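Okay, everyone, thanks for coming. Let me put the structure up on the screen, and then I'll talk you through a few parts of it.

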Amino acid sequence: MKFSRILLGLSLAGLLTTCTRRPTMLEIYDVVINHVSIVNVETGTVQPNQVVVVSQGKILRIEPADQHSYAARQYVNGNGRYLIPGLWDMHVHFRGGDSLAAANKKSLTLYLAHGITTVRDCGGDLTPSIFQWRRDLDTGRLAGPRIFTSGPKIDGPGATWPGSLEVETPAQIGKALDSLQRLKVDYVKIYDSKISGPAYLETIRQAQRRGLKTTGHMPYSVTLGESIKAGLDATEHLYYVFKACSGKEDSLTALVRNSLGTSKPLGLFSVLPAVYDTYSPAAASRIFKLMAKHHTAAVPTLFVSKTLAGLPENDHSRDTLRAYIDPRIQATYQRRLASARQQSPAAQAFSQKLTAKLLSLVPQMQAAGVTVLAGSDSGPFNSFVYPGASLQEELVLLVQAGLTPRQALQAATVNGAKFMGVADHSGIIAPGKDADLVLLTANPLDDIANIKKIDAVISRGKAYQAAALANMLRAVRNR
Ligand SMILES: [Zn+2]
């Protein structure tokens, strides 16, 4: 609907009657956000004093304030506030078995309350539950972020994570991909606990032929360059990028490959110190260029690395968000906590050093034209990486690493939408796009930490103002 019709509606109503006080032809919108400053995450500019009109889940119009009157089911005062696109957390997990399904479901509220309107689930063992939540979210029976999911992870025989599809031969890979396609997953996630190098590359190739996106970890027995050339769409965490930054990548890869089948097979963590010591700026620049050329995205997950590296020394007993994490999920935190406590002082020192080094790769990748995606890795087992808040901390770390606030916001909005192939209707604030928005009381371009100052979240065209968000949080608080 155009202005002219509304104006016509107003004037007709005025002409026709003085007895009805409400103009009957005035359209009632779902949400109107008035007098708001709109943050353009692509240009890094702010358009002050705008009205955003939302109808049927979409942004209908954006226009300067004070030109028209509006009727809305939900009216949001944007005065002195900043509107950004809803945030995307591009790496989360729902997992822990069916007995934890209800506990995982509560995290949907935490995501929404922290401004996350879309998450990408990176594999677990709750696929049927996730699809059920998605149906309930779509019909409005449930409030929460949009969910993209990989379904079960692909890994090798004897995989670490329950629910993984275990593959070794090309035929098994074909069957696994058949089953994922039957589930209608959004992409394929590959994990590296047991998968062989050849099976890993074959999975990427077969998925590529079927038009499925692949992302993943990577066995250290292959190189990132090989994986990219096979068609890998995104590399999760920075360990695999980091290996490719070694000047001795080929010999380290051969070392790992030759150790397999011996009594002492080498894994990622045993090789990382050698990778660190042989870091080469020239090799780094080569791999970043290759990633940019092949549009291979990176999901740095800096906050989880930092949190896990800090486990031996940081006391999380007073974290306020623990009140919202189901005790059965908190119980899963013990596993990583126990292994952290067993680390030698030297190993602890190395993981701190490594975290700092991984941080330094991010601005270099960004400068080389690599797509950076913001992901938290929150979910059961990843100790103290709380749903929602951890993505905010990820953005703070991306800026600390050297990205501008604008680039960090892109990593958590438009980049995610582009990666999942939905940028035509999502990821930015413009007419026709999904009405997934976050209203902040301060400008995140001035200080990225301002993304924590949430006044309202608009998800699927419905506004959740501060009081509503507080009520929703109260409902999932542990009793
Ligand atoms: Zn993960």
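Let's start with a quick check on helix 5, residues 197–209. Its 13 residues, at 1.5 Å a residue, should span 18 Å, and the C-alpha atoms at its ends sit 19 Å apart, so the two agree. Keep in mind that this is a predicted model, by the way.

While we're on helix 5, which of its residues are buried? Quite a list: G197, A199, Y200, L201, E202, T203, I204, Q206 and A207. And what covers them? The cover includes three strands and three helices: strand 9 (154–155), strand 11 (188–190) and strand 12 (214–216), plus helix 4 (170–183), helix 6 (224–230) and helix 8 (249–259). After helix 5 comes G211, and the phi of G211 is positive, near 75°.

Okay, zooming out to the domains. The domain assignment splits the protein chain into domain 1, which is 3–84 + 433–476, and domain 2, which is 87–419. So you can look for them on the screen: their C-alpha centres lie 35 Å apart. Where they touch, domain 1 puts in 20 residues and domain 2 puts in 21 residues.

Let's stay on the domain 1 side of that contact. Strand 16 (454–459) and helix 18 (466–476) each supply at least two residues there. Helix 18 gives the largest share, four residues. As for what kind of residues make up that side of domain 1, we have 15 nonpolar, two polar and three charged.

Next, a sheet. This one is open, with three strands in the order 6-7-8, and the pairing is parallel. Strand 6 (87–92) and strand 8 (146–149) are the edge strands, each pairing on one side only. How much are neighbouring strands turned against each other? On average it's 20°, ignoring direction.

If we look at strand 6 and strand 7 (residues 116–121), they run parallel and are joined by four bridges. To find your way in there, look for W88: it stands opposite T118 in strand 7.

Last stop, helix 3, residues 127–138. Helix 3 lies across strand 7 and strand 8, and it runs at about 150° to strand 8.

That's my tour, thanks for listening.

Note on methods: Residues numbered from 1 in each chain as written. Predicted model: local features only at pLDDT ≥ 70, side-chain atom pairs only at ≥ 80, totals over all residues. Domains from an automatic or database assignment. Contact = placed C-beta atoms within 7 Å. Nonpolar A, V, L, I, M, F, W, Y, C, P; charged D, E, K, R; others polar. Pairing = 2+ DSSP bridges. Axes fitted to C-alpha atoms, helices over the stretch in contact; angles between N-to-C directions. Expected span 1.5 Å × (residues − 1). Buried ≥ 20, exposed ≤ 12 C-beta atoms within 10 Å, placed from the backbone.
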